[in-house]
Amino acid sequence: KQHGYRKRGLTWHKPGSDTVLVFHAEKSRWGADDYTFHLGIYITELGFEATPPHYRCHVQVRLNCLVPDRSELERASNFEDTSLDLADRLPRIIELVASYALPWLEQHSTIPTLSALAQCDYDILLPRILVFRAAYDHLRQLDRNG
């Protein structure tokens, strides 16, 4: 909330002039008490949703692709792992979100910064960041038109 996001279920949205920033905590589908954190950027020129789900965002990345130590995040977000006390677990997750998720979303929150991201070769982006092809082409075209 302090960063301008509004919560709806396990998803937080922050509307901007050209985009909607999305942060989503997803509980494991397999019944484990384990979470994955999704970041998304929805380009308002390409859609009409005010509170899109993370999987319909035009640009998507998981927090574990942004943190320097994936295993640390995975350990902290696995509540079945009893080697980490709850009193240590939640502050660590909050710290990782504040240090990596929120800055990444803010850094890519405008069309010019997304256009700069789209200057990478599409195949180079995909292993880390999912960019819908239509959004990639749109951003590249905007950059060409200047």
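Which helix does alanine 87 lie in? Alanine 87 is part of helix α2, and we'll get back to that residue in one of the views below. One thing to keep in mind throughout: this is a predicted model.

**View 1. Six strands line up in an open, antiparallel sheet.** Reading across the sheet, the order is β1-β2-β3-β4-β5-β6. The two edges belong to β1 (6-8) and β6 (130-131), each of which has a pairing partner on one side only. As general background, strands of a sheet pair through backbone hydrogen bonds, in either a parallel or an antiparallel way. Here the pairing is antiparallel.

**View 2. Strands β3 and β4 are joined by nine bridges.** β3 covers residues 19-27 and β4 covers residues 35-43, and the two run antiparallel. You can walk along the pair residue by residue. Threonine 19 has isoleucine 43 as its bridge partner in β4, valine 20 is matched with tyrosine 42, and lysine 27 stands opposite tyrosine 35. How many residues of β3 are buried? Seven of its nine, so to speak a mostly covered strand. For β4 the tally is also given: seven of the nine residues are buried, so the strand is largely enclosed by the rest of the structure.

**View 3. A hairpin links β2 to β3.** Three residues make the connection between these two strands. β2 and β3 pair in the antiparallel sense, with five bridges between them. One of the matched pairs is threonine 11 with histidine 24 in β3, which leads straight to the next close-up.

**View 4. Histidine 24 sits in strand β3.** Is this histidine buried or exposed? Histidine 24 has a relative accessible area of 14%, and because the cut-off for buried is under 20%, histidine 24 counts as buried. Its side chain makes a polar contact with the side chain of threonine 11 at 2.6 Å. The side chain of histidine 24 also reaches the backbone oxygen of leucine 10, at 3.3 Å. Setting aside neighbours within four places in sequence, the residues in contact with histidine 24 are Leu10, Thr11, Thr36, Phe37, His38 and His54.

**View 5. β4 pairs with β5 through four bridges.** These two strands run antiparallel as well. Look for histidine 38, whose bridge partner in β5 is arginine 62.

**View 6. Helix α2 lies across four strands of the sheet.** The helix takes in residues 86-107 and crosses β2 (11-15), β3, β4 and β5 (59-62). Its angle to β4 is about 20°. Back to alanine 87 in this helix: alanine 87 is exposed, with a relative accessible area of 53%. From its C-alpha atom to that of histidine 108 is 32 Å, with the two positions 21 residues apart along the chain counted as their separation.

**View 7. The largest nonpolar core has 34 residues.** Which residues have the most contacts inside it? They are Leu39, Val59, Leu63, Trp104, Ile129 and Val131. At least two residues of the core come from each of β3, β4, β5, α1 (70-77), α2, α3 (111-117), α4 (122-125) and α5 (133-145). The largest share is from α2, which supplies seven residues. In soluble globular proteins, nonpolar side chains tend to be buried together.

**View 8. Valine 59 has contacts with a set of residues from elsewhere in the chain.** Not counting neighbours within four places in sequence, valine 59 is in contact with Leu39, Gly40, Ile41, Trp104, Leu114, Leu117, Ile129, Leu130 and Val131.

**View 9. Isoleucine 111 lies in helix α3.** With 10% relative accessibility, isoleucine 111 counts as buried. Beyond residues up to four places away in sequence, isoleucine 111 touches Asp18, Ile43, Leu139 and Leu142. Isoleucine 111 and valine 59 are 52 residues apart in sequence, and their C-alpha atoms are 12 Å apart in space.

**View 10. Cysteine 57 is buried, at 0% relative accessibility.** Why is there no bond from cysteine 57 to cysteine 65? The sulfur of cysteine 65 is the closest cysteine sulfur, yet the gap is 15 Å, too far for a bond. The disulfide count for the model comes to zero.

Key. Residues are numbered from 1 along each chain as its sequence is written. This is a predicted model: local features need pLDDT of at least 70, side-chain atom pairs count only at pLDDT 80 or more; totals for chains, interfaces and linings use all residues. Side-chain values use heavy atoms; hydrogens and water are left out. Two strands pair if DSSP finds at least two bridges between them. Contact means heavy atoms within 4.5 Å. Axes are lines fitted to C-alpha atoms, for helices over the stretch in contact, and angles run from 0 to 180 degrees between N-to-C directions. Buried means under 20% relative accessible area, exposed over 50%, partly exposed in between (1.4 Å probe, protein chains only). A polar contact is a pair of N or O atoms within 3.5 Å; within protein, one must be able to donate a hydrogen and the other to accept it, and residues adjacent in sequence count only if both atoms are side-chain atoms. A nonpolar core is a set of buried Ala, Val, Leu, Ile, Met, Phe, Trp, Tyr and Cys residues joined through side-chain atoms within 4.5 Å. A disulfide is a pair of cysteine sulfur atoms within 2.5 Å.
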